[in-house]
Amino acid sequence: MDFKYSAEAEAFRHEFRTWLEANMPKRNTDGDDEPGSDFVRTNEDDWQFSLAWHRKMNSGGWVGVNWPKAYGGRGATLEEMVVYNEELIRAHAPGIVNGLGIMLVGPTLIHWGTEEQKKRFVPKILSADEIWCQGYSEPGSGSDVASLKTRAVEDGDYFVINGQKVWTSGADRADWCILLTRTDPDAPKHKGISYLLVDMHSPGVTVRPLVQMTGDRGFNEVFFEDVRVPKKNLVGEKNQGWQVAVTTLMFERTSIAAMRDMMGSVRHLTRLAQSVRRNGGTAWDDSGVRQRIAGFACEAQALRYSNLRQLTRRLKGLPPGPEGSAGKLVASDLNLRISKFAMELLGPYSQFEHGAAMAVDGGRWSYRMLSARALTIAGGTSEIQHNIIGERVLGLPKG
Ligand SMILES: Cc1cc2nc3c(=O)[nH]c(=O)nc-3n(C[C@H](O)[C@H](O)[C@H](O)COP(=O)(O)OP(=O)(O)OC[C@H]3O[C@@H](n4cnc5c(N)ncnc54)[C@H](O)[C@@H]3O)c2cc1C
């Protein structure tokens, strides 16, 4: 494999780097693990800051850079996308908003949507004029999401929705939802599902926030009572929504794998080890500690190269395949183990919560520890990723 980038990609890098240097706001972070950066920003100031930054990025043409120009993107190649992510990490750029819209909904609509749907929805995803959430999970239908019960019944030009979703990230701020509904209760479970675009401001939609163990209020329960959705908001064929849903899930898993700069996390961990006092020196003086951190660094690099391998499939114009599960599995597991090791290094100081006066590094590691588990569950749990890799990548018999 040749790891050198093409001249075009290097020119793209130069252009983006120059733009970032000229436009990045002063309020900067030194990493990817600031409180509130996972999935949602619950604090209003953070939200407004990120929204303003999003709009600036979009006005420069730096949101949805790989989307076709016809839909407001930049038409960047996959190689340029890799460079784009590298530059964001390098600059410690703040996060933007509408992550689910940008990572999941836009790419899914570009793949499956009608021309009318693409023209109507995609530009407003980019501009963050419309914020999106994902209505898949239900009480009792998480890993086995195809067992979902939320009903959509036809009534003239509309579907009428009744049911409940749960763990819906960002539903409290969302204008629209990609909603999985059951349109044929008599068909086998994967064959009676339809994928709808639902206006969250419709009468009959109720959103109730759920508080996470980090203290964030990112999740929600969403109730649908006789919610009317125009049939033109159906994506793909009626009862064939599972295929569309799986495309979204593949984009989700690949995005989660790429979401964290694991080498950046290893660097933070190194700085922590170099600052924590131990036996008259620092934890870094302990060769056992250095060895553990070196192990994490090797895994982070291996993950990076595996993610690059995914490019081969995408370069052929295919949506992400089941191999994306391996990246998601490894990234979320590594992230968790790094956070746990930071707790070991901090010893009793790990008990201080984020923001506590005596917390080391402002308590970012305690926060991160509490939020790290989420990535091993969101987008399909680690056990489910193991099943997918076993059955669909390795071709092993079902367990
Ligand atoms: C941070 C975060 C954000 C999320 N955001 C959203 C969102 O925006 N929209 C949305 O729809 N959902 C969202 N979810 C929900 C997420 O998709 C589900 O939590 C996940 O799919 C697991 O479902 P469950 O919680 O119902 O657990 P269950 O499916 O009940 O699983 C419970 C346990 O059993 C294990 N298990 C289940 N089935 C199997 C099996 N076949 N083989 C082996 N083990 C199995 C699981 O791995 C898990 O450990 C989010 C979750 C998190 C943590």
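Visitor: How far apart do the C-alpha centres of domain 2 and domain 3 lie?
Guide: This is a predicted model, where local features need pLDDT of at least 70, side-chain atom pairs count only at pLDDT 80 or more, and totals for chains, interfaces and linings use all residues. Residues are numbered from 1 along each chain as its sequence is written. The protein chain is divided into domain 1 (7-97), domain 2 (132-239) and domain 3 (260-393), with bounds from an automatic or database domain assignment. Between the C-alpha centres of domain 2 and domain 3 the distance is 32 Å.

Visitor: Which domains each give at least three residues to the shell around the ligand?
Guide: There are 19 residues around the ligand, and Tyr 136, Gly 142, Ser 143, Ala 378 and Thr 381 come nearest; a residue is near if its C-beta atom, placed from the backbone, lies within 6 Å of the molecule. Strand 1 (132-135) and helix 11 (382-393) are the elements that give two or more residues to this shell; helices (H or I, at least four residues) and strands (E, at least two) are DSSP runs, numbered from the N terminus. The domains that each give at least three residues are domain 2 and domain 3.

Visitor: How many residues of the shell around the ligand are charged?
Guide: Ala, Val, Leu, Ile, Met, Phe, Trp, Tyr, Cys and Pro count as nonpolar, Asp, Glu, Lys and Arg as charged, and the others, Gly among them, as polar. By that division the shell has eight nonpolar residues and 10 polar ones. The number of charged residues is one.

Visitor: Which residue in strand 4 stands opposite Gln 134?
Guide: Gln 134 and Trp 132 are buried on one side of strand 1, and Cys 133 and Gly 135 are buried on the other. Buried means that 20 or more other C-beta atoms lie within 10 Å of a residue's own, exposed means 12 or fewer, and partly exposed is in between, with C-beta atoms placed from the backbone. Strand 1 pairs with strand 4 (residues 176-182) in the parallel sense over four bridges, where pairing takes at least two DSSP bridges. Opposite Gln 134 in strand 4 stands Ile 178.

Visitor: Why is strand 5 largely enclosed, and which residue in strand 8 is opposite Leu 196?
Guide: Strand 5 (residues 193-199) is largely enclosed by the rest of the structure because six of its seven residues are buried. Strand 4 pairs with strand 5 in the antiparallel sense over seven bridges, and Thr 181 has Ser 194 as its bridge partner in strand 5. Strand 5 is also joined to strand 8 (residues 234-235) by two bridges, running antiparallel. Opposite Leu 196 in strand 8 is Leu 234.

Visitor: Which helix gives the most residues to the largest nonpolar core?
Guide: A nonpolar core is a set of buried Ala, Val, Leu, Ile, Met, Phe, Trp, Tyr and Cys residues joined through C-beta atoms within 7 Å. The largest has 53 residues, and those with the most contacts inside it are Trp 132, Ala 174, Cys 177, Leu 196 and Val 198. With seven residues, the helix that gives the most to this core is helix 4 (residues 99-112).

Visitor: Which two domains does this core lie between?
Guide: In soluble globular proteins, nonpolar side chains tend to be buried together. Two domains both give residues to this core, so it lies between domain 1 and domain 2.

Visitor: In which loop does Ala 128 have its place?
Guide: Most residues other than glycine have a negative phi. Phi of Ala 128 is positive, near 65°. Ala 128 counts as buried because it has 21 C-beta neighbours inside 10 Å. Its loop is the one between helix 5 (115-126) and strand 1.

Visitor: Does His 92 count as buried or partly exposed?
Guide: His 92 lies in the loop between helix 3 (78-90) and helix 4. Phi of His 92 is near 50°, a positive value. His 92 has 16 C-beta neighbours inside 10 Å, so it counts as partly exposed.

Visitor: What distance separates the C-alpha atoms of Trp 284 and Leu 272?
Guide: Trp 284 is in the loop between strand 10 (281-282) and helix 8 (287-315). Trp 284 counts as partly exposed because it has 18 C-beta neighbours inside 10 Å. Trp 284 and Leu 272 are 12 residues apart along the chain, and their C-alpha atoms are separated by 8.6 Å.
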